[in-house]
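Me: I'd like to practise reading helices and strands off a model. Could you walk me through it?

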Amino acid sequence: MVANYDEVMKLALERGFYFPSCEIYSDAPAGFWEYGPTGVNMKNKFVELWRRELVRRDGMMEIDGCQIMSKSVFVASGHISNFTDPIVKCTKCGSTFRADRYITEKTGENVPERMADEEINALIKKHNLRCPNCKGEFGGVSRFNMMFRVGIGPAAEEAYLRPETCQTIFVDFARVFKTMRGRLPLGIAQVGKSFRNEIAPRQSLLRLREFYQAEIEVFCNPNRLNEMPKFEEVKNTFLRISSHDGSAITEATAQEAIDKGLIPNKLVAYYLALLIEFYDKTGIDVKRSRFRRLSDEEKAFYASVAFDFEVETSIGWLELVACNYRSDYDLKGHGATSKQNLEVVDPADQTKVLPHVFELSMGIDRSIYTILEHCYYEDEQHDDRVVLKLKPYLAPILVGVLPLMTKDGLDEKARKIHSDLKYDFDTFYDESGSIGRRYRRLEEVGAPFAVTIDQTTMQDDTVTVRHRDTMQQERVKTSELRQYMQNALDAARN
């Protein structure tokens with residue numbers, strides 16, 4: 001049996017994956033969640049997989065930029081004027097709602113991101129929508145900027161928490177390109193937190209005000225988007241592509257997608273293929289995914305071509321990655337506002353060019369949730385045991401070390417084995433409760449292996465290694481345990 005949202009939430013809270021921030025206080029604001037010990041381990045391993053399968057594979061460069069940036073950055077980027085959501089306020093009780101989502105929830109009618117305020121007002125009037133709290137009438141639609149404003153120093157100089165990690169990449173591009181002797185196309189990556197003052201945060205990790213992004217910005221020569229030798233590596237990778245309404249999904253190789261006009265060029269196809277290959281390694285069922293091409297009304301203000309990588313979950317299709325062709329929007333804006341020339345010389349043809357940008361903006365928190373849901377399994381044949389079938393390299397605990405009893409030297413031997421393994425692998429020592437209950441606790445956090453130390457161990461120096469998914473057991477010499485675990489990790493990665 002597969003999971004639903006409530007079951008994943010229950011598991012996350014009980015097993016230390018994530019929980020609300022400041023939950024002991026009644027005035028804790030919504031939209032802020034924290035990772036517990038198991039969640040931190042899993043998130044860190046997810047990020048390292050991202051580095052391995054995307055950043056290092058493609059020879060990208062990674063930076064770590066500031067979270068607070070000057071107002072000028074967001075004037076140049078367009079966020080001061082454009083990064084807004086439509087809101088409506090009840091004229092009777094003063095309650096505020098995000099207009100587009102409220103209309104969709106009440107009527108099922110889709111409200112595109114760029115719909116004009118007058119059209120939204122017309123929809124509210126058409127459906128006679130009223131405040132759900134007091135049945136009062138709504139006033140006219142207004143716009144709410146979602147950035148968090150901060151004041152720097154005694155003069156409280158105006159600045160903002162970044163609403164997306166990519167802006168630090170754009171303002172640092174010229175220096176990185178020069179100091180690292182860059183060549184186009186050049187991928188620059190960053191992992192970090194972004195901040196958005198969401199009107200109605202909800203559903204734990206799915207809509208947050210403070211969240212993690214893994215962002216990749218590929219700077220390219222717009223005249224050479226089909227000159228991608230590396231495309232040969234992925235031309236046969238299958239992609240699932242849908243129109244903006246998601247009514248039909250076309251499955252095609254990266255090469256076929258270009259030939260059919262589903263994807264505009266080899267550069268975009270190459271990075272979409274890398275992305276699907278990455279998610280295939282996370283344990284997400286990529287047969288339940290799609291690259292949905294956004295309509296002109298849905299695209300962000302900076303995007304000329306946009307795909308959302310979405311995955312089907314128990315609460316519907318969930319966007320995990322925004323894949324945007326941003327053209328020269330960002331570098332042109334920063335160049336004009338800063339009065340700096342951000343053109344570079346493309347060594348391939350010695351022409352001077354203002355690079356265009358293709359973006360893979362990944363939501364780490366949403367990805368973690370989706371992995372948990374897709375890997376959640378209730379084994380009805382074995383007392384409905386709950387198992388997280390996580391990939392070994394993403395599991396927060398690789399191996400649990402369990403003495404059968406805490407006497408006859410079994411616990412001392414188990415502690416010695418735990419001590420020998422813990423510097424190379426994420427291990428957990430547990431001597432509390434029955435052995436069956438200890439197995440269940442490990443299965444619920446996704447540990448692939450459990451090592452049991454019993455009386456036979458004291459005789460021949462072997463232990464029982466139990467496999468999470470099959471529950472099969474085998475005897476392994478204690479001297480070979482480290483290599484056994486390493487071989488298991490290597491086999492899973494490859």
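Reply: We'll take one sheet, then a hairpin, then two helices. A word on the source: this is a predicted model, where local features need pLDDT of at least 70 and side-chain atom pairs count only at pLDDT 80 or more, while totals for chains, interfaces and linings use all residues. Residues are numbered from 1 along each chain as its sequence is written, and side-chain values use heavy atoms, with hydrogens and water left out.

Me: What is the order of the open sheet of three strands?

Reply: In general, strands of a sheet pair through backbone hydrogen bonds, either parallel or antiparallel. Here the order is S6-S5-S7, with antiparallel pairing. Strands (E, at least two residues) and helices (H or I, at least four) are DSSP runs, numbered from the N terminus, and two strands pair if DSSP finds at least two bridges between them. S6 (96-98) and S7 (142-145) are the edge strands, each pairing on one side only.

Me: Which residue of S6 is the bridge partner of valine 88?

Reply: That's phenylalanine 97. Three bridges join S5 (residues 84-89) to S6.

Me: How many residues of S25 are buried?

Reply: Buried means under 20% relative accessible area, with exposed over 50% and partly exposed in between (1.4 Å probe, protein chains only). Five of the six residues of S25 are buried, so this strand is largely enclosed by the rest of the structure.

Me: And which strands does S25 pair with?

Reply: S25 pairs with S24 over four antiparallel bridges, and with S26 over five, also antiparallel. Alanine 450 stands opposite arginine 466 in S25, and threonine 464 has arginine 475 of S26 as its bridge partner. S25 and S26 form a hairpin with five residues between them, and methionine 471 in the turn has a positive phi of about 65 degrees.

Me: Now the helices. At what angle do H2 and H9 pack?

Reply: Axes are lines fitted to C-alpha atoms, for helices over the stretch in contact, and angles run from 0 to 180 degrees between N-to-C directions. H2 (residues 37-56) and H9 (residues 266-280) pack at about 140 degrees, with their axes 10 Å apart. Angles under 35 degrees count as roughly parallel, over 145 as roughly antiparallel, 65 to 115 as roughly perpendicular and the rest as oblique; H2 and H9 are therefore oblique to each other.

Me: Which residues make the contact?

Reply: Contact means heavy atoms within 4.5 Å. From H2 come Phe46, Leu49, Trp50, Glu53 and Leu54, and from H9 Leu274, Leu275, Phe278 and Tyr279.
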